[in-house]
Amino acid sequence: MVSLIVQTLALLCLVSGALAECRYLTCYIKSDNTKTFSGLLTTFTHKTCSANFLEKMECSRATGRVPSRCTNKMPELTNDYIAKNICSQKSVKDQLLDGKIVKVPIFLSGKADCADPKTTNSW
């Protein structure tokens, strides 16, 4: 009987985590520090979820998670990543002079996908 109760509780824990409400965040790697889409070089997304199915993931809560999640999930800026995702952008190509190395400032910004698309990035 005790074993059945333990198994039932374990199953409930697994199911509650699987049914947690989630939101997506879009993080922007940019060449300027504005909260708009200017200077956009590349993007990456992150899924953020409530702790369990009883807890709702409000848009304001997802928005509050943007700075920490974008910072923690930012891809490693390896030479390969930079070549494929940053140097290939027109805004960077326009700065290249005869194949010489050019410093491009990098800024991180983002917003929750549930946020109004007309608003600036949350961070």
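Student: Okay, so two strands pair when DSSP finds at least two bridges between them. Over how many bridges do β1 and β3 pair?

Tutor: Strand β1, residues 22-30, pairs with β3 over 6 bridges, and the sense is antiparallel. One pair to look for is Ile-29 and its bridge partner in β3, Leu-108. Keep in mind that this is a predicted model.

Student: Predicted, got it. What's the average pLDDT of the chain?

Tutor: The protein chain averages 81, and 77% of the residues score at least 70.

Student: And where does pLDDT stay under 50?

Tutor: That happens over residues 9-18. For this stretch the model has 2 contacts beyond four places in sequence. Where pLDDT is low, the predicted coordinates should not be read in detail.

Student: Back to the sheet. What order do the strands have?

Tutor: The order is β2-β1-β3, in an open sheet of 3 strands with antiparallel pairing. Strands β2 (40-49) and β3 (107-112) stand at the edges with a single partner strand each, so one side of each has no neighbour in the sheet. On average, neighbouring strands are turned by 25 degrees against each other, ignoring direction.

Student: Which helix packs on the sheet?

Tutor: Helix α2, residues 59-73, does that. Helix α2 touches β1, β2 and β3, and its direction makes about 150 degrees with that of β3.

Student: New topic: how many disulfides are there?

Tutor: A search of the whole structure finds 3 disulfides. If you number the bonded cysteines in sequence order, the pairing reads 1-3, 2-5, 4-6.

Student: Which cysteine is joined to Cys-22?

Tutor: Cys-49, with 2.0 Å from S to S. Cys-22 sits in strand β1 and Cys-49 in strand β2, 27 residues apart, so to speak of distant parts of the chain being linked is fair.

Student: Why is the disulfide of Cys-22 and Cys-49 right-handed?

Tutor: Because the torsion about its S-S bond is about 100 degrees.

Student: Are Cys-27 and Cys-70 buried or exposed?

Tutor: Buried: Cys-27 has 0% relative accessibility, and Cys-70 has a relative accessible area of 0%. The cut-off for buried is under 20%. These two are joined by a disulfide with 2.0 Å from S to S. Their link is left-handed, with -85 degrees about the S-S bond. Cys-27 lies in strand β1 and Cys-70 in helix α2, so this pair ties together parts that are 43 residues apart in sequence.

Student: What about Cys-59, which cysteine does a disulfide join it to?

Tutor: To Cys-114, at 2.2 Å from S to S. With 95 degrees about the S-S bond, that link is right-handed. Cys-59 lies in helix α2 and Cys-114 in the segment after β3, so parts 55 residues apart in sequence are tied together.

Student: What are the relative accessible areas of Cys-59 and Cys-114?

Tutor: Cys-59 has 21%, which makes it partly exposed. Cys-114 is partly exposed too, with 29%. Going back to the link between β1 and β2, Cys-22 is partly exposed at 26%, and Cys-49 counts as partly exposed at 29%.

Terms used
Residues numbered from 1 in each chain as written. Predicted model: local features only at pLDDT ≥ 70, side-chain atom pairs only at ≥ 80, totals over all residues. Heavy atoms only, no water. pLDDT = per-residue confidence, 0-100. Contact = heavy atoms within 4.5 Å. Helix = DSSP H or I, 4+ residues; strand = E, 2+ residues; numbered from the N terminus. Axes fitted to C-alpha atoms, helices over the stretch in contact; angles between N-to-C directions. Disulfide = S-S within 2.5 Å. Buried < 20%, exposed > 50% of the residue type's maximum accessible area, 1.4 Å probe, protein only.
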